[in-house]
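Please have a look at the model below, and keep it open as you read. The report after it walks through the fold one part at a time.

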Amino acid sequence: MSIISESARATGPTLRARILKRLGQIRGGRYAVISIPGLWLAVFFFIPFLVVFKISLAETAIAIPPYTSLFEFDLEEAMLDISINLGNYRYLFEDDFYLSAYLNSVKIAAISTFFTLLIGFPMAYLIARSHGATRTLLLSLVILPFWTSFLLRVYAWMGILQKNGIVNDFLMSIGLIDTPLTILQTDVAVYIGIVYTYLPFMVLPLYTALEKLDGALLEAAEDLGCKPAQTFFLITLPLSLPGVVAGCLLVFIPAVGEFVIPALLGGSDTLMIGRVLWDEFFLSRDWPMASAVATVMLIVLVLPIMLIRNNAEKQGESS
Amino acid sequence: MSFYTAIEPEQAEACDNGGVSVPLWRQEGAEPFVKIESVTKNFGDFTAVDNVSLNIYKNELFCLLGGSGSGKSTLLRMLAGFETATSGRILIDGVDTSGIQPWKRPVNMMFQSYALFPHLTVTENVAFGLRREGISRSETKQRVAQMLDMVQMGHLGKRKPNQLSGGQRQRIALARALIKRPKLLLLDEPLGALDKKLREETQFELINLQYELGVTFVVVTHDQEEAMTLATRIGVMNQGQIVQTAEPHEVYEYPNSRFVAEFVGSVNLFEGRVVEKTPSSVRIDSRDAGTTLSNNHGINCAINQLVSVAVRPEKINISHEDPEQGDNCVRGKIEDVAYMGSLSLFRVKLDNGLEVRVTKPNLMRAAAERFTWDDLVYLSWDEDSSVVLTS
């Protein structure tokens with residue numbers, strides 16, 4: 001028994017060392033590993049973004065595709081014509097419609113993120129404090145909704161929230177209200193839809209942060225005179241902040257550009273940038289304008305993230 | 001010394017009392033500071049602490065010594081209020097603590113992992129307890145500075161815990177636990193995470209600090225050496241029970257059971273039957289030793305009772321010549337020699353196969369070379385050196 005385990009111990013590290021050595025021999029093996037996701041991002045994110053950006057600098061045309069091309073090369077006169085149209089961007093800032101769509105999207109996303117955090121934190125806390133089988137069960141319950149199509153789940157909410165839906169039926173049957181509430185096709189329905197859909201994206205990073213939290217720290221805080229509420233605000237919350245930030249970003253960013261939920265649950269006055277984008281592309285068929293909207297949205301979303309990351313890195317260095 | 005400025009007048013007084021004459025625990029009828037009254041703690045089917053009663057006196061540095069799972073940590077956590085006793089009660093300074101939440105107890109704890117708050121600086125960590133009490137900023141600042149100076153960490157106030165070494169963290173944890181001037185300080189394996197050299201230094205600092213502050217310390221440890229150096233008294237725990245409570249030398253020299261004898265230090269045990277008994281001595285016929293062993297302590301046992309004779313390795317004389325002593329003398333062959341610098345350890349195999357451990361201080365340079373492998377040697381000890389154990 002002991003001989004077997006000893007020999008395993010003896011070969012274990014040498015085997016690993018051999019593999020590592022072999023890996024090291026591949027010149028730039030590290031870069032090879034990194035290049036796979038890099039290539040993925042380049043092909044499926046960066047190049048499409050450049051295409052969209054390029055379209056945003058063109059003009060609408062009745063053609064296929066429905067925009068003018070940026071470069072025109074005249075073989076006979078050896079002339080390269082580059083026409084860049086910034087008019088779409090100017091229009092974007094001149095018309096209040098786009099600005100209010102951006103602001104409204106950010107507002108709806110921010111409020112939804114706040115409620116997701118409010119609901120997600122206790123859930124994540126409970127999961128992190130549970131043990132063994134219970135923890136596995138709770139975690140799988142969080143992930144379970146992904147087994148059903150997102151679209152179907154949003155349609156289900158339409159059934160739940162409509163005038164003769166489950167919520168109204170229940171409230172009327174217990175006599176709380178006389179006439180059915182209008183929930184569907186209001187901002188409230190959009191909030192409910194977003195909070196419901198993105199809750200797992202909040203719970204999982206929070207759970208990861210809370211799970212790492214050392215129980216002795218909470219006991220130490222209590223030992224030094226903290227009531228449970230104080231312990232939460234002075235210890236638990238600050239230490240789970242990375243999880244809070246990650247969860248909020250994971251909810252906020254897709255929520256800003258959300259299209260399906262406001263389209264299905266929201267009313268005609270629920271103005272969100274995702275719907276504007278859709279309308280520009282498919283109703284007005286103004287691809288350059290739609291591309292400009294998309295480009296600005298990306299910048300609006302990426303800038304704050306980069307600032308937060310930068311800040312976090314600086315803090316990481318100082319500590 | 002500057003230490004005294006940090007101490008309340010009553011505590012300073014307590015210090016003085018602690019320093020003189022007979023310690024409280026030796027006085028008949030002295031009032032205990034911590035009274036543990038037949039406390040039991042069950043976790044489901046498992047009994048972690050089994051009907052423990054214990055008195056701890058003011059200014060004591062009491063060590064709970066035991067292996068893992070002996071219930072020592074559970075007992076400590078009950079004193080801190082993190083666990084509630086299944087039955088029995090604990091009084092601290094005359095107050096029944098059942099139902100008192102951890103944050104309301106006049107007790108602080110130094111955690112085994114130190115549990116320093118990683119997002120706060122050293123100063124903020126130490127100030128944490130005072131801020132919760134609502135003590136003014138200026139007073140907090142002054143007391144924190146004093147406390148940090150006391151543990152010689154004044155220059156590291158702005159660091160975060162992850163920028164400190166293990167020894168520094170230990171000091172900060174100690175400072176944080178002491179700053180509220182608790183009546184009782186609980187220390188869970190306080191030196192467990194330090195390396196040997198640092199541990200030795202810190203042991204003495206801890207004793208000095210405890211003496212200066214006059215706070216009652218309860219230390220949990222699995223390290224018998226640590227318990228021996230630190231403690232005023234040791235409570236040896238096994239399977240949820242306290243098997244012996246005594247001063248360190250007593251635990252070592254007069255263990256009350258085979259468990260204590262084997263757990264604290266190393267020991268040679270010879271089983272045998274009592275053949276002769278007077279009020280002040282016994283003779284035991286031991287098959288293990290292959291001879292009769294005698295002991296001049298008054299033992300409560302019966303003729304023909306099966307007992308164990310315990311002899312510490314350092315109390316055995318080793319010689320090449322037969323000391324011609326009737327009892328307490330066995331013969332064997334040196335099986336193994338371990339030279340350990342200040343002393344040498346011999347493993348001697350008796351004629352009947354039993355192995356006996358003997359240590360011998362290397363008083364002279366060549367001393368270690370006098371005994372070597374396969375030497376035939378005689379091992380002998382005084383009547384007074386052994387302990388007869390009935391359990």
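What follows is a tour of chain B, from its overall layout to its sheets, backbone, core and contacts.

**Ground rules**

Residues are numbered from 1 along each chain as its sequence is written, while chains are lettered from A and ligands numbered from 1 in the order in which they are written. Because this is a predicted model, local features need pLDDT of at least 70 and side-chain atom pairs count only at pLDDT 80 or more, whereas totals for chains, interfaces and linings use all residues.

**Overall layout**

Chain B has 9 helices and 20 strands; these are DSSP runs numbered from the N terminus, helices being H or I of at least four residues and strands E of at least two. Its C-alpha trace spans about 75 × 50 × 45 Å along the principal axes. Of the 391 residues in chain B, 38% are buried. Here a residue is buried if 20 or more other C-beta atoms lie within 10 Å of its own, exposed if 12 or fewer, and partly exposed in between, with C-beta atoms placed from the backbone.

Contacts are pairs of residues whose C-beta atoms, placed from the backbone, lie within 7 Å. Among contacts in chain B between residues at least 6 apart in sequence, 64% join residues at least 24 apart.

The domain assignment, which is automatic or taken from a database, gives chain B domain 1 (2–106 + 182–258) and domain 2 (266–389). Taken over C-alpha atoms, the centres of these two domains of chain B are 35 Å apart. Where they touch, 4 residues of domain 1 of chain B are in contact with 5 residues of domain 2 of chain B. The side belonging to domain 1 of chain B divides into 2 nonpolar, 1 polar and 1 charged residue. In this count Ala, Val, Leu, Ile, Met, Phe, Trp, Tyr, Cys and Pro are nonpolar, Asp, Glu, Lys and Arg are charged, and the others, Gly among them, are polar.

**The six-stranded sheet**

In chain B, 6 strands form an open sheet with mixed pairing, in the order 6-7-8-3-9-10. Strands count as paired if DSSP finds at least two bridges between them. Strand 6 (107–110) and strand 10 (241–246) of chain B are the edges, each pairing on one side only. From one strand to the next, the twist averages 20 degrees. Helix 2 (residues 72–80) of chain B packs on the sheet, touching strands 3, 6, 7, 8 and 9 of chain B, and its direction makes about 150 degrees with that of strand 7 of chain B. Axes are lines fitted to C-alpha atoms, for helices over the stretch in contact, and angles run from 0 to 180 degrees between N-to-C directions.

**Antiparallel pairs**

Here are three pairs from chain B, each with one facing couple of residues.

| Strands of chain B | Bridges | Opposite residues |
|---|---|---|
| 9 and 10 | 5 bridges | Met237(B) and Ile242(B) |
| 11 and 12 | 5 bridges | Val274(B) and Ile284(B) |
| 12 and 13 | 5 bridges | Asp285(B) and Thr292(B) |

Strand 12 (residues 281–286) of chain B has alternating side chains: Val282(B), Ile284(B) and Ser286(B) point to one face and are buried, while Ser281(B), Arg283(B) and Asp285(B) point to the other and are not. A hairpin of 2 residues joins strand 11 of chain B to strand 12 of chain B. The hairpin of strands 12 and 13 of chain B has 4 residues between the strands, and Gly290(B) takes a positive phi near 75 degrees there.

**Positive phi outside glycine**

Asn51(B), in strand 2 (residues 46–56) of chain B, has a positive phi of about 50 degrees although it is not a glycine. Arg181(B) also has a positive phi, near 50 degrees, and sits in the loop between helix 5 (166–178) and strand 7 of chain B. Asn51(B) counts as partly exposed because it has 14 C-beta neighbours inside 10 Å; Arg181(B) is partly exposed, with 18 other C-beta atoms within 10 Å.

**Core and partner**

Which residues have the most contacts inside the largest nonpolar core? They are Leu79(B), Ala175(B), Leu186(B) and Val218(B), in a core of 101 residues. Such a core is a set of buried Ala, Val, Leu, Ile, Met, Phe, Trp, Tyr and Cys residues joined through C-beta atoms within 7 Å. Helix 5 of chain B gives the largest share of this core, 6 residues. Both domain 1 and domain 2 of chain B give residues to this core, so it lies between them.

Chain B meets chain A with 18 residues, against 16 residues from chain A. Helix 3 (122–133) of chain B supplies the largest share of chain B's side, 4 residues. By class, that side has 9 nonpolar, 5 polar and 4 charged residues.

Definitions and conventions
Two residues are in contact if their C-beta atoms, placed from the backbone, lie within 7 Å.
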